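Colleague: Please take a close look at one part of this model for me. I would like the charged pairs, with their surroundings.

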Amino acid sequence: MSWNSLIIKVDEAHAELLSEALLEQGALSIDIHDAAAGTEREQLLFGEPGEPAGEIWKNSEVAALFEKSTDITSVILAVEHSTQISVQLDYRLEEIEEQDWVRVTQSQFNPIQISSRLWIVPTWHQSPDPAAINLILDPGLAFGTGSHPTTQLCLTWLDQQLQQGENVLDYGCGSGILAIAALKLGASHVAGIDIDSNAVEASRMNATRNHCNLSNIEFATAYDGLNGNLQTDIVVANILANPLIILAPILMNTCRSGGRIVLSGILNEQAKEVMAIYQQYFIMQISGEQDGWVLLTGRKK
C-alpha cells in the first residue's frame, strides 16, 4: 500500500489556514515544517511549556497525506478556492510507500558513548562494551533517550562528579535515564519525580530493565509518593528555563546545606536569567555547553 504526500510551499501567514483546508479535503495527516530545513537558511524555533504559541517559520511547507486514489488536482482547486490565497499554489507530490515504521524509528537510535565507562544502549542493540556501565533504554517511552545535548550534559556531569553513597533527586525524570545512571554510578538512593504518570511508569520499567535494586530507586508524580529522604545531596533537573525559574524555591528546599544542584534544558541566552534566580540559594557556575545548550551547577549556601 502507498499514499501521496502533497507538499505545498506557503508563507507564515497562510500555513494554518492551508492546513485546515487540506484536512477538509480529506487529508489523513498534516505536517508543517521549515521549507529550508537542512540548509544554512534553516530557522530554529524554541518555546517553553505553558507559553502562548510562538511564530511559525517564515517560509514553510505543509505536507498533507492522501489516499493514493485521491484526485490531487481537484484538491488543489478546492483549496485555492476555499482559502482565496492570491497566488497559485507551489506544490509537489511524493509517493510514500508502506514501511515497517517501528524498524525505521529504531534505525534512528544507535548506542551513544558518554564516557569511557558509560554508554546508552537502545533495547534492540548489543552493547559495544559489555564491561562498561550500560544504560539500556527504550527511546519510545519518554523524553530522555540520551541523544539530546541537555541529557548528555547531565550524564557527563554525573559520571565525573557523583560521589559514592550520595543521595540524588531527578526532578522531571522522563525516561528515568538520569536517575538510573546515578544509581549505577554509585548513588546510595535515587528518587525520580515527574508530573506525567506515563513518564513515571516508563522510568520504573527502565529501572527494572536495567536490573536496578528497586529498594534504592523510586519514582512518583509527587513528593508525598516518595519514601526516601528528600534532603538530598544532589538535585538534577533537566527541564526548560521557565519551569526551572518557577521551581527554584522547591528545588532549593529539597537540597541539603552544602548539597549540589544540576540544571539543564537551558539555552545560552537564558543562562544569566536562570543563574540570577538560583544564586539566591546556591553558588552557581556554568559547568558545560553543547550545541547552544548549557549546564548550570551550584552548591547550596
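Modeller: What follows covers the salt bridges, then a ring pair, the cysteines and one helix.

This is a predicted model, where local features need pLDDT of at least 70, side-chain atom pairs count only at pLDDT 80 or more, and totals for chains, interfaces and linings use all residues. Residues are numbered from 1 along each chain as its sequence is written, and side-chain values use heavy atoms, with hydrogens and water left out.

Side chains of opposite charge can pair when their charged atoms come close. The cut-off for a salt bridge is a side-chain nitrogen of Lys or Arg within 4 Å of a carboxyl oxygen of Asp or Glu. The count comes to seven salt bridges.

Take Lys-68 and Glu-95: their side chains meet at 3.5 Å, N to O. Lys-68 lies in the loop between β3 (59–67) and α2 (72–83) and Glu-95 in strand β4 (residues 90–97), so the pair ties together parts 27 residues apart in sequence. Helices (H or I, at least four residues) and strands (E, at least two) are DSSP runs, numbered from the N terminus. Lys-68 is partly exposed at 40% relative accessible area. Glu-95, at 45%, is also partly exposed. Here buried means under 20% relative accessible area, exposed over 50%, and partly exposed in between (1.4 Å probe, protein chains only).

Arg-260 and Glu-166 form a salt bridge at 3.1 Å, N to O. Arg-260 sits in strand β12 (residues 255–267), and Glu-166 in the loop between α4 and β8 (167–171), 94 residues apart. Both Arg-260 and Glu-166 are buried.

Arg-256 pairs with Asp-233, with the closest N and O atoms 2.5 Å apart. Arg-256 is in strand β12 and Asp-233 in strand β11 (residues 232–238), 23 residues apart. Arg-256 is partly exposed at 30%, whereas Asp-233 is buried at 14%.

Salt bridges also link Glu-61, Arg-92 and Glu-94 in a network.

Now the rings. They pair if the centres of Phe, Tyr or Trp rings (six-membered for Trp) lie within 6.5 Å; planes under 30 degrees apart are stacked, over 60 edge-to-face, the rest tilted. There is one aromatic pair. Tyr-278 and Phe-282 have ring centres 6.3 Å apart and planes at 40°, so the pair is tilted. Tyr-278 is buried at 0%, and Phe-282 at 1%.

Disulfides need cysteine sulfur atoms within 2.5 Å, and the count is zero. Cys-154 is buried at 0%, and Cys-212 at 11%.

Cys-154 is among the buried residues of α4, as are Trp-157 and Asp-159. Ten of the 13 residues of α4 are buried, so the helix is largely enclosed by the rest of the structure.
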